[in-house]
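Here is a briefing on a protein structure. Please look over the sequence and the model before reading on.

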There are 2 protein chains.
Amino acid sequence: MKATVYPIKHLRDFCVQVFLRCEVPEEDAMIAADVLSTADLWGIDSHGVARLRSYYEVLERGLVNPRPQIRIVRELPGTATIDGDNGLGLVVGPRANEVAMEKAEATGAGWVSVCNSSHFGIAGYYTWQALSRDLIGWAMTNTAPLVSPLWGAERMLGTNPISVAFPAKEEPPVIVDFATSAISFGTAEIAKRNHQTLPEGLMIDSEGRPTNLPEDVVEGGGALLPLGLDRTCGGHKGYCLNSMVDILCGVLSGANWGPFMPSFPYYLKQPSRSVGKGWGHMFGALKIEGFIAVDEFKQRMDDWVSTFRAAVPAPGTEGPLIPGDPERKAEASRKHEGVPLTEAVVGDLRYLAARTEIPFD
Amino acid sequence: MKATVYPIKHLRDFCVQVFLRCEVPEEDAMIAADVLSTADLWGIDSHGVARLRSYYEVLERGLVNPRPQIRIVRELPGTATIDGDNGLGLVVGPRANEVAMEKAEATGAGWVSVCNSSHFGIAGYYTWQALSRDLIGWAMTNTAPLVSPLWGAERMLGTNPISVAFPAKEEPPVIVDFATSAISFGTAEIAKRNHQTLPEGLMIDSEGRPTNLPEDVVEGGGALLPLGLDRTCGGHKGYCLNSMVDILCGVLSGANWGPFMPSFPYYLKQPSRSVGKGWGHMFGALKIEGFIAVDEFKQRMDDWVSTFRAAVPAPGTEGPLIPGDPERKAEASRKHEGVPLTEAVVGDLRYLAARTEIPFD
């Protein structure tokens with residue numbers, strides 16, 4: 001696939017300008033652009049500027065509120081529920097995460113559930129924010145249904161990601177960030193575009209039968225399977241983990257959940273029933289100092305990282321990675337060399353440039 | 001396999017007497033027996049009275065402290081680290097969980113890490129305790145190494161389980177409880193005993209090569225793979241999740257972690273290096289009232305449960321279960337009909353009866 005390379009600053013600035021044109025206040029536009037461009041910097045191309053057009057479309061059509069009154073609707077010293085007032089998840093998420101971190105700094109543990117939000121970008125952005133404050137960060141979100149429960153024949157759950165991040169001292173931090181489906185919808189889309197099949201056992205068709213044809217999921221209404229796949233390999237565990245994220249983000253916050261999650265962008269086909277407000281997230285922060293001396297923890301993390309780095313490699317591999325390594329590798333290269341964008345993404349950005357009269361290239 | 005059936009009360013009482021004989025104080029003996037017998041009641045046979053002999057042996061040999069001075073070594077309103085003074089995990093765990101729940105009741109969120117403990121039984125016992133107090137319960141523990149990281153060729157991590165539980169109103173609670181390896185060591189042991197192979201892709205041998213022979217893991221020093229198995233199916237995600245549990249339980253608390261976790265029982269071969277004190281756990285509790293009205297949450301949980309209960313079943317299945325269903329089904333039967341024990345377990349209990357002169361049958 002042909003790719004054109006753009007400096008990260010150029011992409012971030014373009015995002016800021018597009019959000020400003022949609023009447024997003026400057027501070028919020030800068031935060032939203034930072035979330036998006038960080039995904040590109042880290043190599044998570046599906047969650048970066050590739051989505052800017054979707055965000056633009058929902059703002060332009062008045063389906064998302066550019067100037068939300070984000071407010072705490074309930075709280076205790078260590079908890080809060082935040083109503084995002086139908087704002088961009090890219091704006092609501094960072095605000096809610098900030099509340100969780102402040103509560104952790106004050107009491108040791110801060111947990112904030114969020115309703116009435118939308119797609120919040122990469123979960124790892126939020127947990128990475130916690131590191132410089134000597135906190136352990138958590139972030140989760142529920143998303144539109146694409147995943148079947150084990151033994152189900154329909155889309156009932158999102159790809160519901162979970163991220164947790166731990167700082168180290170000399171070594172890089174451990175940043176766990178993964179969707180709780182076995183594969184991403186993007187993996188099926190790419191296979192379909194390339195006229196490839198996928199390995200057995202990753203997907204089901206709309207009747208609940210195993211399929212290796214990506215079009216059965218991308219167009220045919222089939223579903224991804226949860227992490228672990230079938231009963232033998234632990235599909236019940238992935239279904240449990242995915243459900244846990246759905247309940248914490250959706251049921252607890254007053255947002256929608258499960259099969260009733262709205263599709264994003266919101267002009268897509270929507271579920272028959274509403275069970276809450278928008279999408280839900282959950283942010284958590286734990287103050288390291290509340291458990292162990294910060295320096296001691298970081299030294300112990302260094303030991304953990306170097307121990308796993310030194311593991312005996314399986315034949316044909318270079319050995320285990322440390323969670324966060326792929327993102328660090330992408331950042332090391334893209335920071336200097338720029339971000340390669342596919343023709344389709346460049347096309348979307350040029351479309352936005354033409355619509356908004358903001359120069360892109 | 002021949003099984004003899006015993007009333008749950010008989011098993012619990014026998015456990016209490018054995019612990020008392022080992023100089024465990026009465027209150028602690030009753031709690032430890034409750035944790036063990038609850039596993040039997042719920043059908044988690046690997047974690048119930050089948051382990052009583054191991055606990056007896058470590059107490060008898062003075063390897064575990066029957067009367068630990070369990071103490072909080074550091075705390076904030078929402079956090080604590082507890083040193084279990086080398087006590088039984090079955091005693092240290094419930095005490096630490098109680099502290100987490102009390103902190104959640106006071107501030108909204110309570111998180112307690114634990115070092116210097118040992119095998120704590122089933123994680124679901126702890127989270128189930130939170131339900132009647134209108135809390136969301138969390139429990140995790142790290143364990144002796146049996147699992148390889150993705151792309152590793154050696155045992156570096158435990159089966160590190162995670163449990164989270166949510167109360168409902170009319171419907172049963174959702175109790176998530178699973179080990180973060182794809183399969184349990186017990187699954188390999190049973191296959192070996194029955195001279196069976198396992199499906200491809202679940203295990204590696206001591207050289208890191210894929211194997212379907214259970215003896216390669218049970219006797220040959222091979223390893224289980226993390227949930228998700230290989231890279232294609234999401235093995236990096238299971239490795240991340242397992243590592244998260246290891247860091248929260250081990251690195252944060254001051255316990256051992258990863259490949260340096262002591263084997264339990266402690267008279268087995270031990271790791272070359274100690275990086276902390278005993279085994280580690282992490283307990284968390286979130287006060288529902290700190291996020292949403294309790295009754296509203298429980299009604300929303302009822303809706304979640306009945307929605308997933310009504311999912312279209314995949315062909316050849318009866319449809320998705322609700323997390324906690326298998327344990328509820330076992331309890332409904334075993335509560336009245338008793339607990340079936342294998343000959344091997346009955347043999348162990350008779351051995352203990354002979355050693356302690358406590359009547360068993």
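The notes below cover domains, symmetry and the chain contact.

This is a predicted model, in which local features need pLDDT of at least 70, side-chain atom pairs count only at pLDDT 80 or more, and totals for chains, interfaces and linings use all residues. Residues are numbered from 1 along each chain as its sequence is written, while chains are lettered from A and ligands numbered from 1 in the order in which they are written.

**Domains of chain A**
- Domain 1 spans 1–66 + 335–361, domain 2 spans 68–177 + 232–310, and domain 3 spans 183–224 (bounds from an automatic or database domain assignment).
- The centres of domain 2 and domain 3 of chain A lie 27 Å apart, taken over C-alpha atoms.
- Domain 2 of chain A brings 8 residues to their contact, and domain 3 of chain A brings 7 (contact: C-beta atoms, placed from the backbone, within 7 Å).

**Symmetry**
- A turn of 180° with a shift of 0.0 Å along the axis lays chain A on chain B, at an RMSD of 0.0 Å (least squares on C-alpha atoms of residues with pLDDT of at least 70 in both).
- The two copies are therefore related as by a two-fold rotation axis.
- Within chain A, A:Gly228 comes closest to that axis, its C-alpha at 2.3 Å.

**Contact between chains A and B**
- Each chain gives 73 residues to the contact.
- Of the interface residues of chain A, 100% are also interface residues in chain B, so the copies meet through the same surface.

Terms used. Contact = placed C-beta atoms within 7 Å.
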